[in-house]
Structures are given as structure tokens and as C-alpha cells.
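Dear colleague,

Please find below the structure that I am handing over to you, followed by an account of what was found in it. I would be grateful if you read the text with the model open beside you.

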Amino acid sequence: MSHDSRTAPRICPLCEATCGLTLTIEGTTVTGARGDRDDIFSRGFICPKGASFGGLDADPDRLRVPLVRGDDGELREAAWGEAFDRIAARMPDLVKAHGPQAVGVVLGNPNVHTMAGSLYPPLLLGALRTRNVFTASTLDQMPKHVSSGLLFGDAHAIPVPDLDRTDHLLLIGANPLESNGSLCTAPDFPGRLKALRRRGGTLTVIDPRRTRTARLADRHVPIRPGADALLLAALAHTLIEEKLADPGPLAEHLEGLDELAAALAGFTPEAVAAACDVDADTITAIARELAAAPTAAVYGRIGSCTVEHGTLASWLVDVLNILTGNLDRPGGALFPLSATARAPRAAEPGTRNAAPGKGFALGRWSSRVSGHPEAKGELPIAALAEEIDTPGQDRIRALVVIAANPVLSAPDGDRLDAALADGLDFMVSVDPYLNETSRRADVVLPPPPPSQSAHFDFAFNSFAVHNQVRYTRAAVPLEDGRMDESEIHARLILAVSGMHGAPPSAVDDLAVDTALARAGAPKELAAGLTGESGPERRLDLMLRLGPYGLTLEQLLAHPHGIDLGPLQPRLTEVLRTRSGRVELLPDPIAADLPRLRRALGDRPAPLVLVGRRHLRSNNSWMHNVGSLTGGSNVCTLQIHPDDAARLGLADGDTARIESSGGGIEAPAEITDTVRSGVVSLPHGWGHSRPGTRMSVAAAHPGANVNQLLDGTLLDPLSGTAVLNAIPVSVTPAH
């Protein structure tokens, strides 16, 4: 380290693990990143993504000033004032002429990885008053939100496995050794699984691929892709049929236990075995092991969500935790309590049950073209293209895209790309890159690199396996000519709402006043808030109103975080159902079960496609970091040796993959880590479109797996695109 070097703590914003980093900085340049050994949550753990922080931060392809489309149709660099002037001149007039539903908003995965991306989009949606909201959730996690909403009355009440205390962990459709976890914030997930094994616990992994996680397991079950809900239903049926179900103290909080037993009748291990390609004895053994374990947790993720029965699978994960008495129990699955959460609710007077809540409803409105019901206020992102290119009243004419690249991440990117190019009157992108989607924008607003931004994990602390709170200010000053990400969002809100020219602080002041009113807190509290910016004042308020009564000053005094203790039982605090109880068999779930029952008789396709995660990647937005390219982070079609021999493919040959949405080509990687009848391609590739400015990604473009999909196949309850268990044909390319 040179004499002018210094270090600064930073929470890693590059995946859901939220590890603490120690950055080495020379001048204003991040020259290194290592794990922060003093971080109260991650204890020094770091993965390749965190180690690449400096490379991502200094990426020369990151935009530094806004881009505005000129009269010649080309994007050119512009001053910040000109960019917001353009938005203010176009967006309010479009809304006035065509109504608020003429505007669509797309929110991508990176939004939940930044402080501004969490704080401001809700205010933007309020200003625009549009129902055309599309997010990455309908590409990965919406089934879990819907099932939690139906079970507990709150779509954000998602129990997480108590990794550090459980005796038995069953993972289905999850590969945390590669993904670092999802809807389960756990730094050093691999180390936590190894600790489970060391203390004599059991790890069961259900996955059609022999992933790194599966290789660590006591039992790996290579299920047929897409059959997750069937296998989970058989496990639940076995627990009930063999009288192994024992909810314990949960019983008084349950509604519909008898109805659940009747609804699952027929999903016997013998009945589902052929469809799952898992023998009945194995299914029965897994159920008995779950019931016999002193504590156990079932955890399912993207592989079990992005299938035809994703919501049913997500529901059944919690049904199993409930039937075994492991929901809301140390060592089972518990509800985290973040420092900025709403204050806990009291139980019903005279009882231990929660007071009745508003409940959770689906389908309060539907999409214009195909009539897809909303879920959690969102419409399926797979329907975005048709909402733009189909004529009619309330057609989307203007789009605001924040940290999203749906041309690569959503089905049928070719159609969406054409819709963005020819079907919109105006488009704004908030994005650090000119990527496959933002290249179609009329205005591009680039946020600064992460070292120049403060960081607080509003979303991920709500899914953490240990209650804690951490906050880091910007590690280096904002570079000349850049605008803070929070100010970008605030000025965007002002520009679209007809308040262009008002100070950005007006947005934060309004947010503070609204939060105080909703909490029933005195307005005078606002005067005592501390912080150097509007976002810090808002954070201070949320901490003060939160369950621990913390302040921003306390966080700043503890740069490595504050330990708030292990997860605790708190079911009655989170329940928001109309009954005040866990509603085990909600009507939408009961109505969808016959569709699952019909799947028992489906004839499996000869070859189906599944996705896969890479440790050195996070969807499309990290493919421009040179230090993360190569190794296992490549876009290949993994195929079993038997299938390769049958199809005439050798390792490294170019394979042609075709499905309902079209065809793509990718190098074949012959490996027995995928079961026969299954091929695998990673998500987020296809960086070959002209007009982007991502040189590293363009040099390693890969193939866009989502171009195999036409966008019509969705999980009906959540609107989530079916990205796994897709029937495909594979041939040698010519």
C-alpha cells in the first residue's frame, strides 16, 4: 500500500449476500477490495464478484454524462439540465394527451442493490399514477411473494431458513454455492452449509443438475425439471397420510388444515414418481427424514419458481415447514426483523392470534392486451412488448426503464427490441451503461459508480438469516460532472410530475412528511432528523420509527454494523390475513391445484432446457467486467454425454437450440453434471446487438436463452415467465 493509500468499509452491492468489504483507495480510485473481517455479518467472506469491485467501479464503458437523442436520431452527450428539460417537456404532455396508462415503468434487479433504487421508484410510480409496472420479479421471485401473500396476508412476509441452527436443510431449485443465495441473505452461504454438515446436520438437494451445492449434499435427487410442485405435494401428502404432520404450537394459528389434507389427496409418492422421475421410496424417505429431524427447513428458489407451477411450489415449501412444525421456530424457517421494518403488530386482545388484516388480493386489475392479472401491483414483464406494439386505448407510448435490460432478460427480446425502437413516443433509461435496452432511449441518465454512492440494504435486510444493520457512506467523493443517484431519481420524479425546477429536496421532504403521517408520528420529529442528504434523513426516520429505535448517528458510529441478534419467532407480528391466521389453502391455490393434478398425466418432452447460475456473474449487468470473464462464466449449452452421442454433438461443437420463440446457437459442453434429457444455458447473455457500448460483453456475447421463449407461457397465479423445463430441440449447427 502506497503512502497516500487509505481504506474504507463498503457493503458489496453485487449480489444478495451483502458482504462487508474493505476497499483500498489511492486518491479517488479503488485499487483493491477484500473481505471486511470486522463486518458483524459476513466476517471477512468475499466472492469473486466482491473482489472485482474496483474493476466494475472504474469500468471505462460506464457512462459519465447523460445522453440525449438528437434530431438526427443519434444519441449524443448532454448536460444534466438539458436531459431533465427534455423529460419535462415530453412526459407530462404525453400523460395529459393519453392518460397515465400510456406510461410504463420497468424496474430491474439492480434497483434493490442501491439505496436510491429502493427509496425513489415508489415515489415515481405515485407521481405517474400508472398501473403499467413491470419488474424483474416476474422473471424470478414473484411466485414466492404471491404464495406468502396468500398464506400470511403480506407478500413481503417471506420466511428464511435458519441456516446457522437447523439440523436438516432441504434445498429445491437452489444453488447457493453459485448464486450466494436469493430471498435468503446469507454471507458465506457455502461456509454455513459446511458448518451444518460439521455439526451433524443433513443437507438434501433436489436439482436436475449436479451443481456445486448438490455435490456438497448428503442426498442429491436429480428431479425431472418442472416437477418440483408434484414432488413437494407428495412430501406433504406423505406427512399427512403417515400421521407425521405435527405443527405443534403453530396449530392454533392455522386455518384450513383438514381442507389441505383433502386437497392433496392423490398426490402420493407412487402417483408422482413417474412425472418427477424420482422413485416413490426416495420421496417417502425424504418426508420421513424431514419429520424426524429435531429441526428442519425447506428452501426453494429460482429453479422451482420459474416453472409452470411456480406459485404452487413456493406455497408447498412453506406448507412443509408448517406441517413439520418448523415455521417460526429456531432452526426452522423464521421471519427476519430489519431495522427499518414496520413496528410489530400486537396480537388480538385476549388471544395469541394476530389481529385481522387487510389480506392479500390478486387480479385487482389486468393487462390491456392479454388480460394478465396483476400480482403485487405488477404485470408480467413478458407482456411488455404487446402492451407497446398492440394498437388501442391505453397503449404504452412512453417508458421509464430503471436499471433494467429486458431485451436480454425477458422472453422474446427481438419483439421487445422492435417495440422499443418503433412503438414508443418517448423513453427514459436510468442506467450506467448503453446496453441492449437503454440504446433505444431518448434520454439516458447514468448514476455514478458504487464507490461514489452511500449504501443501505432496505430489501435484503428483510431476508437476512441474522438480524443486523449496516450503513456505509460513499467511499470517494462524487466525481466532477456526475450526479448523485438519489438526485437523479428525485429530479426525474419532479420532471415527470410537472414540478420541474423544484429543488430535489422537495421530494425527500414530501417522503418524510408522508412517512410521519402514516406512522401517526408528530411532524416535529422531522426537525430532529440528522444526515447530510435527503436519503440519509429518510433513513434516520425509518430507523427511529423501526422496531429497534435506532438512529443514523448510531449506524455511523458502528461502521462495521450493529448485531441485532438471531432470528426470533414472530408469526403473529407478520400476519395480515383477514382471519388473523395462516390460511393454509387460499382460494387461488385451491383453484390451481387441478392444473397440477393434470400434470400427473403429462407426457414429458424428450429434451428440456433449464438455466444455471455462475458465481462470477449476476444476470446481464455484470458481463462487462473483464476480471469476471472466462473460467466457468461462459455461455455454453451443457448436455449429457448420452444425449450428445444421440444427437451427434462433440464437445465444443456449435449446437442449434430451438423452441417456441425461435432458435439460437451456443457451444456444446458435454458433462454428466446435467441429467439425461436436460440441457442447460445461463441467463443474461446475448450481447451482440449493435449500438451498445459494452466492449467486454460484446467480445464475449454468448446467446440469449430468452429468445427461445415467445412469452406466452406463464405461471398463471404470479405472471412469472416460465424459464425452466422448456421443451427444446437440439441439433448440430450447419
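**Internal cavities**

The count comes to 3 cavities of 30 Å³ or more. Please bear in mind throughout that this is a predicted model. As general background, rolling a probe the size of a water molecule over the atoms shows where empty space is left.

The largest cavity has a volume of about 90 Å³. It is lined by 13 residues, of which Lys144, Ile158, Pro159, Tyr299 and Gly300 are the closest to its centre. Two or more lining residues come from each of strand 13 (297-300) and helix 15 (310-323). By class, the lining of the largest cavity divides into 8 nonpolar, 2 polar and 3 charged residues.

**The parallel sheet**

Strand 13 also belongs to an open sheet of 4 strands, arranged in the order 11-10-9-13 with parallel pairing. Strand 11 (219-221) and strand 13 stand at the edges with a single partner strand each, so one side of each has no neighbour in the sheet. From one strand to the next, the twist averages 15°.

Within this sheet, strand 9 (residues 168-172) and strand 10 (residues 202-206) run parallel and are joined by 5 bridges. Leu171, for instance, has Val205 in strand 10 as its bridge partner. Helix 13 (residues 280-292) lies across strand 9, strand 10, strand 11 and strand 13, and runs at about 135° to strand 11.

**The mixed sheet**

A further open sheet has 7 strands in the order 28-21-25-22-24-23-29, and its pairing is mixed. Its edge strands are strand 28 (726-727) and strand 29 (729-732), each of which pairs on one side only. Strand 29 pairs with strand 23 (residues 654-659) in the antiparallel sense over 4 bridges. Here Arg656 has Thr731 in strand 29 as its bridge partner.

**A helix pair**

Two packed helices are described by the angle between their axes and the distance between the axes. For helix 20 (residues 505-519) and helix 21 (residues 534-545), the angle is about 10° and the axes are 9 Å apart. Angles under 35 degrees count as roughly parallel, so helix 20 is roughly parallel to helix 21.

On the side of helix 20, the residues that meet helix 21 are Asp508, Asp509, Ala511, Val512, Ala515, Leu516 and Ala519. Their counterparts in helix 21 are Gly534, Pro535, Arg537, Arg538, Leu541 and Leu545. Sorted by class, this contact between helix 20 and helix 21 has 8 nonpolar, 1 polar and 4 charged residues.

**Two arginines**

Arg537 is found in helix 21. Leaving aside neighbours within four places in sequence, Arg537 is in contact with Asp509, Val512, Ala526, Leu529 and Thr530. The C-alpha atoms of Arg537 and Asn618 are separated by 31 Å, and these residues are 81 residues apart along the chain.

Arg69 lies in strand 4 (residues 67-69). Which residue, 370 residues from Arg69 along the chain, has its C-alpha atom 9.9 Å from that of Arg69? That residue is Arg439. Arg439 is also among the contacts of Arg69, which, with neighbours within four places in sequence left aside, are Glu74, Leu75, Arg86, Arg439, Arg440, Ala441 and Asp442.

With kind regards

Terms used
Residues numbered from 1 in each chain as written. Predicted model: local features only at pLDDT ≥ 70, side-chain atom pairs only at ≥ 80, totals over all residues. Heavy atoms only, no water. 1 Å grid on protein atoms, 1.4 Å probe; cavity = no way out; pocket = protein on both sides within 12 Å on 5 of 7 lines; lining within 4 Å. Points joined across faces, edges and corners; volume = space filled by probe spheres on them. Nonpolar A, V, L, I, M, F, W, Y, C, P; charged D, E, K, R; others polar. Pairing = 2+ DSSP bridges. Axes fitted to C-alpha atoms, helices over the stretch in contact; angles between N-to-C directions. Contact = heavy atoms within 4.5 Å. Parallel < 35°, antiparallel > 145°, perpendicular 65-115°, else oblique.
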